[in-house]
Amino acid sequence: MSTDTRPVRVRFAPSPTGDLHVGNIRTALFDWAYARHTGGQFIFRIEDTDRERVTDEYIQAAIDTLKWLGLTWDEGPEVGGPYGPYLQSQRLDIYAEWAAKFLAQGDAYYCYCSSDELEERREAQRKANVAPGYDGKCRTIAPEDLARYIAEGRKPVLRMRMPDGSTTFTDSIRGEVTFDHNFVPDFVLVRGDGSPLYTLAVAVDDVLMKVTHVLRGEDLLSSTPRQIRVYQAMGVKPEEYPTFAHLPFVMGQDNAKLSKRNGEVSIAWYRDRGFLPEAICNYLALLGWSPGEDRENVTMQELTELFTVERVHSSPARFDMKKLEAINGDKIRLLSLEDLLNRSLPFLQKANVIDGTDAEIAVVKSALPLIQERIATLAEVVPMLRFLFATKFEVDPDSAPKIQDEQSQAVLAKTNEVLQAIVDWDHATLESVLRVALIEEMGLKPRIAFGAVRIAVTGSHISPPLFESMELLGRERSLERINSAIK
RNA sequence: GGCCCCGUCGUCUAGCGGCCUAGGACUCUGGCUUCUCAAGCCAGCUACGAGGGUUCGAAUCCCUUCGGGGCUACCA
């Protein structure tokens, strides 16, 4: 990509037939990072030529997802730009114009073959062990046949004529790639109803929008010769073609391509579970790329500084939830208290743990430092802090039996006794008093003694540090819970 | 089937002919620390798919083979 001297223009052009998923976002992230790294423009274009499958909701969701991740675009929906519109469904007249030109030039031709006829011939090709694909039947049509087709009311598609020979291009990630045209059949540019197909729209738009670099999924690698064929028909000089870089796949937990079956792939799913956008980006950046030097944790800023296509792999990567969680935990620990608070509050409110009053927020703010290093996702603040706000407190069913025994009951009785006498209800006092009473006097192991108190007070054997928790809970509620745990 | 792409620990990766008895991270196992859970620290397990070449020397270059994936639509 270094030989290219044009100002860099990269586009991310999803077809929103569903929520943007992990693979799409990894592509968007690399597109964005490359544009930012080179000081070029990042273009966001919606490929909605297939209106049967693309919906407005998905388009909006795609816009929201990119925004949430912080992948801001210079041209595209909402911000506009000099080469708009950026929704292909609003550019239909442009594609029609070029299609007409290709037809007039003889690069394209009308094909009247019906779907059934094509399917039949494809089947025959398969049986004969011949490369399947359009056989070029309609390249020439006898006048009487044409008259018959028209009389039958057939609506023709427009096909691109692939000349003999081959197409070779240099992929920045894979090197030189060649496709023999024997395996690139005449492809459809315009449907029978007059609407354009991806193959036409993508090429026309990349040229018209002056895109210089196309970084996209590996699945589009074999469609590149078709795209180049359209450039040729448009009269674009080879040196003005975009540079292609086909990114390796991101695969699911098992082996195959990412799908809903093996783990959640929609970015919205991760957002709702408390994953940080910067953690998702950092993790995704590591799939197919690496900053080198044994480095992994990078900020968005560092990502744009370090990202180069040369360091992108050619082999596919598997998505690993565990590693994402680990990185998310790292990022959470890096957050300032204020930032962590603002990001946690929506989760607590949504779970009805708090209403959002100032008093509640103050408590959350005091409690957050206690759990910051104990959570891997923001959603985990909910089970961690619920005990501080429970109006009807109940001990967790799994933990309840653990404080029924004689020893635990003795611990709770003793705890109640010594704490009644305490004046200063702060964690330091609580700890020293309970250490004397339970560890020294009763001779119990700390984990046994404090474990019982923990369950009684927080309702679970897993909680933030005990004494700090009791301080936050307050004297009244703490003693109340200890008492109600005593039979 | 055909065409194309890919192949280093379980996973993500470093490596671009000697620094590799292959490094880091996640996971897992053991230990330390410890009021639980985490975090942190220490240790351990585990990899160049296979076979041929080229070379003084190959994870790194070439070939074959095996394996995985993609495409093969009036989807993108």
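Which polar backbone atom lies 3.4 Å from a base nitrogen of RNA strand B? In this predicted model, the atom belongs to Leu-466, whose backbone supplies the polar partner of that base nitrogen. Two further polar contacts involve a sugar or linking oxygen of RNA strand B: a polar backbone atom of His-461 is placed 2.7 Å from such an oxygen, and an N or O atom in the side chain of Glu-218 is placed 3.5 Å from one.

Around RNA strand B, 64 residues are found, of which Arg-53, Asn-129, Arg-174, Gly-288 and Arg-374 come nearest. On the RNA side, 73% of the strand B atoms that come within 4 Å of the protein are accounted for by sugar and phosphate. The surface near RNA strand B is made up, by class, of 25 nonpolar, 14 polar and 25 charged residues. Several secondary-structure elements each supply at least two residues of this surface, among them helix H4 (115–127), strand E4 (157–160), strand E6 (175–180), helix H11 (321–334), helix H17 (446–458) and helix H18 (466–473).

Turning to the protein interior, the largest nonpolar core contains 104 residues, and Leu-29, Phe-319 and Leu-419 are those that touch the most other members. Helix H1 (residues 22–38) provides the largest share of this core, with nine residues, while domain 2 (335–392) and domain 3 (393–487) each contribute at least three residues to the core. Separate from this assembly is a second core of 33 residues, which includes Val-190, Val-204, Val-230 and Met-234.

Methods:
Residues are numbered from 1 along each chain as its sequence is written. Chains are lettered from A and ligands numbered from 1 in the order in which they are written. This is a predicted model: local features need pLDDT of at least 70, side-chain atom pairs count only at pLDDT 80 or more; totals for chains, interfaces and linings use all residues. Side-chain values use heavy atoms; hydrogens and water are left out. A nonpolar core is a set of buried Ala, Val, Leu, Ile, Met, Phe, Trp, Tyr and Cys residues joined through side-chain atoms within 4.5 Å. Buried means under 20% relative accessible area, exposed over 50%, partly exposed in between (1.4 Å probe, protein chains only). Helices (H or I, at least four residues) and strands (E, at least two) are DSSP runs, numbered from the N terminus. Domain bounds come from an automatic or database domain assignment. A residue is near a molecule or strand if one of its heavy atoms lies within 4 Å of it. A polar contact is a pair of N or O atoms within 3.5 Å; within protein, one must be able to donate a hydrogen and the other to accept it, and residues adjacent in sequence count only if both atoms are side-chain atoms. Ala, Val, Leu, Ile, Met, Phe, Trp, Tyr, Cys and Pro count as nonpolar, Asp, Glu, Lys and Arg as charged, and the others, Gly among them, as polar.
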